[in-house]
Amino acid sequence: MAPMTFKSDQAMHKNKLQEYAQKSGLPLPVYTTDNGGFDHKPKFQSTVLVDGMEYRSERSFSRIIFAENDVAKIALECIKKNMKIAESCSIHMQEPKISKSILYEFAIKSRTEVPTYRTNCAEEAEPVFVSTCTFNGKSYTSEIAGSKKMAEQFAARKAIQSLLENRPDHTSATQYGGMLGDSNQRKRRNEVNYSGVKRFLREKNFKQTIPQVMVEEGEEISYETVTTTLRRAVHFFAALQADDGHWPAEIAGPLFFLPPLVMCVYITGHLNSVFPPEYCKEIFRYIYCHQSFGSQEWDTGFAIQALLASDLTNEITETLMKGHHFIKESQCCLLFSLMPPEVVGDKMEDIQFFDAVNIILSLQSKNGGLPAWELAGSSKWLEVEWKNVTRLCNTVRVLTVNGEYPGPTITVYEGDNVQIKVNNRGPDNTTIHWHGVKQLRTGWADGPAYVTQCPITQGNSYTYKFTVTAQRGTLWWHAHYSWQRATVHGAFIIKPRKPYPFPARIREEIPIILGEWWNGPVQAIEDYMKLTGDGPNSSNAYTFNGLPGSLYPCSNKDTFVQKVEGGQTYMLRIINAALNQELFFTVENHTMTVVEVDATYTKPFTTTAIMITPGQTTTVLLATDQKPGSTGMFVMAARPYLTSLFPFDNSTSIGFLKYKASGTLKLKPQTPSLGYIPSSLPKMEDTVFATKFTDNLRSLGTTEYPCNVPKQIDKRVITTISLNLQDCPKNKTCKGLYGKIFSASMNNISFVRPKMSILECHYKNLSNSGIDNNFPEKPPNAFDYTGVDALSENMNSEFGTKILAVPYGTKLEIVLQDTGFMNLENHPIHIHGHNFYIVGTGLGNFNPAKDPANYNLVDPPERNTVGVPMGGWAALRINADNPGVWFIHCHLEEHTSWGLAMGLMVKSGSKPSQCMLPLPDDFPSC
């Protein structure tokens with residue numbers, strides 16, 4: 001960095017003061033400068049000694065030269081006016097800056113009433129202040145000062161001088177002076193005074209009602225533990241606020257900085273990425289042992305920012321109001337736009353606003369943020385790269401993200417602006433899809449290759465930018481190119497800004513990703529399908545968080561074990577990342593309460609197992625209320641829900657729920673052994689259970705979380721979902737059924753991805769792209785869809801890139817109709833860019849004249865992926881209010897490869913807020 005240069009007038013007053021001393025025959029001025037801030041954000045204050053008089057500036061600066069020049073200016077003004085005492089040129093005989101603190105501490109130690117101050121302002125050429133301190137039945141009036149704060153300090157100093165001069169005869173000067181604080185005590189003024197804190201809290205009638213939490217040795221830090229610590233700290237910290245809105249130095253100490261820092265880093269979702277686990281534990285242990293902290297004079301703005309970040313406005317409104325007033329009066333910083341109107345009060349005057357903006361700009365880092373908050377705007381990085389992974393005694397080179405399989409869990413907060421840079425270090429193209437994120441106006445970040453973007457080519461990167469709007473709960477991310485999502489996937493958790501709408505106290509939140517494993521390269525399977533027209537090989541195992549479990553060969557060490565405590569409630573965030581299989585899931589001897597699906601709250605209901613299709617997420621609460629045996633282990637199990645005649649992986653994956661030992665529970669050391677399948681796991685063909693489970697799902701439908709299902713519709717589209725057999729082209733050998741090619745279609749259109757992204761073609765209004773906006777709104781021929789002879793009919797489909805286009809704001813109904821071609825099957829259909837309401841399902845053929853009469857328009861479940869019943873139909877209603885082009889497809893990867901997909905185009909509306917955001921600068925090109 002180049003050395004700092006100064007303009008000639010920046011040291012003008014310092015030069016003039018030196019010239020005055022030389023002309024008067026006085027010693028040269030002596031400057032003393034202290035840093036009251038930090039190395040990265042200094043706050044220099046200077047004093048200068050001239051002709052035996054010491055002058056001090058109460059202003060702070062980021063450079064020493066500025067501080068010294070400022071105090072020189074003050075000294076010159078005081079010399080010119082021949083003023084002896086004023087705030088701007090105070091004689092520091094008794095360190096008046098801390099006199100109030102000393103007097104307050106004396107009152108606490110001597111068990112007398114704390115001093116009170118009455119300060120008056122006189123408007124003269126410049127405003128001056130005089131303060132009267134009332135203490136122990138006497139009043140002490142200050143000299144005039146340039147601010148209310150300094151006047152009160154002068155009054156407190158007079159009180160201290162009087163106390164020292166009139167101490168009781170039996171008390172030595174040393175003893176009495178010790179109570180008032182000697183120089184060594186004043187040097188320790190940043191230490192926490194616990195008696196002062198307690199007295200302060202007693203006066204405010206504060207009672208801590210939130211119980212303490214403790215992180216035991218060897219115990220992992222849970223979300224619930226941290227949340228309780230946060231709420232406890234926020235309430236305690238709010239109680240330490242003075243009546244005028246700031247946090248007084250009397251109860252301040254070095255502990256202040258740590259808790260708000262941790263609050264902020266935790267709330268922004270970066271705690272684990274900033275602090276290693278061992279540091280996290282020590283931080284929270286430290287807060288637990290020292291839950292008492294205050295603020296230095298510069299901390300009020302930071303304190304309010306930390307309290308705002310905790311999102312407990314309804315609990316600490318009065319604290320925020322007082323803090324806002326103090327900040328507004330003292331012009332510390334600009335926080336007001338973050339507060340609701342009932343807290344903010346009157347609008348800030350323009351001149352104050354400009355001053356605050358200038359302060360912020362002066363602190364701005366090279367990245368555009370403020371150093372203390374740089375983490376909140378930092379980008380996440382995902383590196384797609386090769387890694388050798390061993391499962392079932394087979395080592396396979398697979399694509400991973402950041403070297404992890406499954407990939408890292410990404411945690412954000414409702415309302416966050418998210419930026420995630422994806423670097424492609426793999427051998428092929430790639431994209432990432434944020435499954436279930438609505439991507440309001442940001443279709444560029446949705447991810448499906450050749451639909452909303454061109455792929456990220458080898459060695460290049462792309463930053464996905466989007467805002468998480470009105471969503472909270474369990475979602476996931478995965479590759480959306482070829483079959484890469486077999487190993488390129490992870491959880492995407494959206495933390496709510498409000499408390500959960502269920503009363504249970506959550507001990508810990510546990511993501512469980514159900515997947516599939518192949519003992520060979522997955523890409524080779526798709527390549528074989530394309531080459532021969534045949535179906536795929538089935539997987540070799542199902543997995544819990546990438547681990548197959550002890551029922552598979554060579555897998556005892558590759559078994560998922562989740563440790564829990566008895567008598568607690570855990571949140572299981574269950575994700576089906578399998579490529580081609582719906583799954584049942586259960587936990588032995590435990591009942592689960594379903595509270596959310598696809599990041600939308602549901603009416604809670606209990607169940608012993610769940611059915612979950614690929615693409616879906618289900619969040620359940622699990623109470624650890626069982627009495628374990630000597631091992632403390634309960635089996636978790638997952639196996640397929642079978643609705644197809646195609647070959648499949650007929651196996652079961654297990655993990656273990658392991659209770660921790662307690663005072664009454666002594667466990668034997670145990671490693672996962674062969675295990676067994678619990679009786680609560682449904683049979684593979686248990687359609688009755690699967691139907692009952694999905695029928696129990698209902699939207700929460702409260703005032704806070706309403707069910708906004710369209711009661712009336714503008715358009716109904718009926719589309720068949722079919723598996724097909726295409727005639728084998730001439731001069732080619734095909735290995736599908738009857739020597740043909742397997743394919744799939746919607747309304748007899750087998751989807752073909754173009755060579756350029758559909759969204760970009762739409763945005764640029766390219767007419768020669770080969771994309772057709774006339775997707776048929778009903779089947780081309782009506783027939784007995786579910787009763788057709790499975791193999792005797794002509795099942796050739798058309799190929800093309802056809803899109804259903806609707807105006808912005810359309811209330812759209814899409815009826816998905818299964819067909820009996822090839823075989824009846826449960827199809828998980830995923831719609832990008834929108835949630836939908838499943839207003840009706842049924843078996844057989846949909847009847848538009850009768851079936852809508854039985855729709856649930858009160859509390860239908862809201863999802864992004866629906867399992868269309870085997871041999872039946874599902875009716876979805878959508879508020880088409882997200883402009884762009886959105887992929888609709890089956891989430892069985894083999895079916896998508898065969899063409900079971902379509903596009904939904906929502907045209908832009910008339911307002912800017914109803915139009916897509918501009919094309920990103922780093923958008924990949926084809």
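A cavity is a set of grid points where a 1.4 Å probe fits but cannot get out, and its lining residues have an atom within 4 Å of a point. The exercises below apply this to a predicted model.

**Exercise 1.** Determine how many cavities of 30 Å³ or more there are, and describe the largest cavity and its lining.

*Solution.*
Step 1. The count comes to five cavities of 30 Å³ or more.
Step 2. The volume of the largest cavity is about 200 Å³.
Step 3. Its lining is made of 21 residues. Those that lie nearest the centre of the largest cavity are Asn580, Gln581, Pro647, Phe648 and Glu894.
Step 4. Sorted by class, this lining has nine nonpolar, seven polar and five charged residues.
Step 5. Residues of the lining come from both domain 5 (505–662 + 672–697) and domain 6 (715–914), so the largest cavity lies between these two domains.

**Exercise 2.** Establish which residues of helix H17 are buried, where they lie around its axis, and what covers them.

*Solution.*
Step 1. Helix H17 spans residues 687–695, and within it Phe689, Ala690 and Phe693 are buried.
Step 2. These buried residues cover an arc of only 100 degrees around the axis, and therefore they are on the same side of H17.
Step 3. The face turned away from the buried side of H17 carries Val688 and Lys692, which are exposed.
Step 4. The cover over the buried residues of H17 includes strands S19 (583–587), S20 (592–597), S21 (600–607) and S22 (609–612).

**Exercise 3.** Decide whether phenylalanine 605 is buried or exposed, and list its contacts beyond its neighbours within four places in sequence.

*Solution.*
Step 1. Phenylalanine 605 belongs to strand S21.
Step 2. Buried means under 20% relative accessible area. Phenylalanine 605 has a relative accessible area of 12%, so this residue is buried.
Step 3. With neighbours within four places in sequence left aside, phenylalanine 605 is in contact with Met592, Thr593, Val594, Phe693, Asn696 and Leu697. One of these, Phe693, is a buried residue of H17.
Step 4. Valine 595 is 10 residues from phenylalanine 605 in sequence, and their C-alpha atoms are 7.4 Å apart in space.

**Exercise 4.** Repeat the analysis for histidine 895: is this residue buried or exposed, and which residues does it contact?

*Solution.*
Step 1. Histidine 895 is found in helix H19, which runs over residues 893–898.
Step 2. Its relative accessible area is 1%, so histidine 895 is buried.
Step 3. Apart from neighbours within four places in sequence, the contacts of histidine 895 are Leu723, Ala744, Glu825, His827, Cys890 and Leu900.

Key. Residues are numbered from 1 along each chain as its sequence is written. This is a predicted model: local features need pLDDT of at least 70, side-chain atom pairs count only at pLDDT 80 or more; totals for chains, interfaces and linings use all residues. Side-chain values use heavy atoms; hydrogens and water are left out. On a 1 Å grid over the protein atoms alone, a cavity is a set of points where a 1.4 Å probe fits but cannot get out, and a pocket is an open set with protein on both sides within 12 Å along at least five of seven lines; lining residues have an atom within 4 Å of a point. Grid points are joined across faces, edges and corners, and a volume is the space filled by probe spheres set on the points. Ala, Val, Leu, Ile, Met, Phe, Trp, Tyr, Cys and Pro count as nonpolar, Asp, Glu, Lys and Arg as charged, and the others, Gly among them, as polar. Domain bounds come from an automatic or database domain assignment. Buried means under 20% relative accessible area, exposed over 50%, partly exposed in between (1.4 Å probe, protein chains only). Helices (H or I, at least four residues) and strands (E, at least two) are DSSP runs, numbered from the N terminus. The arc is that of the directions from the helix axis to the C-beta atoms. Contact means heavy atoms within 4.5 Å.
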